[in-house]
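Grab your viewer and work through these exercises one at a time. Try each task before reading the solution under it.

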Amino acid sequence: MHIVLLEPEIPPNTGNVARLCAATRTALHLIEPLGFRLDDKQLKRAGMDYWEHLRWYRWADWPTFQRELGPAARLWFIESHGPKRYSEAKYEADDYLVFGRETAGLPQSLLEKNRELWLRIPMFNPEARSLNLSNCVSLVLFEALRQNGFAGEIAE
């Protein structure tokens, strides 16, 4: 699996996602501009000592990232108001799960171009604007891993 953070802004969120990716052997793609420096103390603290166990990539921008993808790459765009719930998607082991900035989400133009791959996480309280980015990544990633039989799990 691959997690893609498009222009992440909050260091602890990205650090938590990095830790999650290291623990699940999921590749992390960070697409600039980033709202922080990669040597940020909060980023390092949230990721703890997991950065050395992480397969991660830094991309200059969305077009550069897209050019490097193979023709068979499938990207799922997770953002509010998507036409389908994240649990209704049928994930494959090499899929990319794309998440946007904490304050703005994914660009509307990107979502509209990929409407059939636009997923939402159900919300129940109209007063709650959104969920935390790292929580969203965890929810969707573990559903994708479950659908793929938790391949590679370390069994006790």
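**Exercise 1: a loop residue**

S80 is partly exposed, with a relative accessible area of 38%. Keep in mind that you're looking at a predicted model.

Task: find where S80 sits and which residues S80 is in contact with, leaving aside its neighbours within four places in sequence.

Solution. Start with the location: the loop between β4 and β5 holds S80. Next, check the exposure label: 38% falls between the 20% and 50% cut-offs, so S80 counts as partly exposed. Then list the contacts: with neighbours within four places in sequence set aside, S80 touches W118 and R120. Finally, try a distance: S80 and S130 are 50 residues apart along the chain, and their C-alpha atoms are separated by 8.3 Å.

**Exercise 2: a strand residue**

Task: decide whether A27 is buried or exposed, and say which strand A27 belongs to.

Solution. First the strand: A27 is part of β2. Now the accessibility: the relative value is 0%, under the 20% cut-off, so A27 is buried. For the surroundings, skip the neighbours within four places in sequence; A27 is then in contact with M1, H2, I3, C21, R55 and Y57. As a distance check, D61 is 34 residues from A27 in sequence, and the two C-alpha atoms are 17 Å apart.

**Exercise 3: the sheet**

Task: work out the strand order of the open sheet and name its edge strands.

Solution. Walk across the seven strands and you get β3-β2-β1-β6-β4-β7-β5, with parallel pairing. The ends are β3 (56-59) and β5 (84-85), each of which pairs on one side only.

Now take some pairs in turn:

- β2 (residues 27-31) runs parallel to β3, joined by four bridges, and I31 sits opposite W59 of β3.
- β1 and β6 are also parallel, with four bridges between them; L5 has F99 in β6 as its bridge partner.
- β4 pairs with β6 in the parallel sense over three bridges, and L75 is partnered by Y96 in β6.

One last step on β6: Y96 and V98 point one way, L97 and F99 point the other way, and all are buried.

**Exercise 4: two helices**

Task: describe how α1 and α5 pack, giving the angle, the distance between axes and the handedness.

Solution. Begin with what each helix touches. Helix α5 (residues 133-147) lies across β1, β4 (75-78) and β6 (96-99), and runs at about 160 degrees to β6.

Now the pair. Two packed helices are described by the angle between their axes and the distance between the axes. For α1 and α5, the angle is about 20 degrees and the axes are 9 Å apart. That is under 35 degrees, so α1 is roughly parallel to α5. The crossing of the two is right-handed.

Last, the residues. On the α1 side you'll find N13, N16, V17, L20 and T24; these meet L133, S134, V137, S138, L141, F142 and L145 of α5. Sorted by class, the contact between α1 and α5 has seven nonpolar, five polar and no charged residues.

Technical notes:
Residues are numbered from 1 along each chain as its sequence is written. This is a predicted model: local features need pLDDT of at least 70, side-chain atom pairs count only at pLDDT 80 or more; totals for chains, interfaces and linings use all residues. Side-chain values use heavy atoms; hydrogens and water are left out. Two strands pair if DSSP finds at least two bridges between them. Contact means heavy atoms within 4.5 Å. Axes are lines fitted to C-alpha atoms, for helices over the stretch in contact, and angles run from 0 to 180 degrees between N-to-C directions. Angles under 35 degrees count as roughly parallel, over 145 as roughly antiparallel, 65 to 115 as roughly perpendicular and the rest as oblique. A crossing is left-handed if the near helix is turned anticlockwise from the far one by less than a right angle, and right-handed if clockwise. Ala, Val, Leu, Ile, Met, Phe, Trp, Tyr, Cys and Pro count as nonpolar, Asp, Glu, Lys and Arg as charged, and the others, Gly among them, as polar. Buried means under 20% relative accessible area, exposed over 50%, partly exposed in between (1.4 Å probe, protein chains only).
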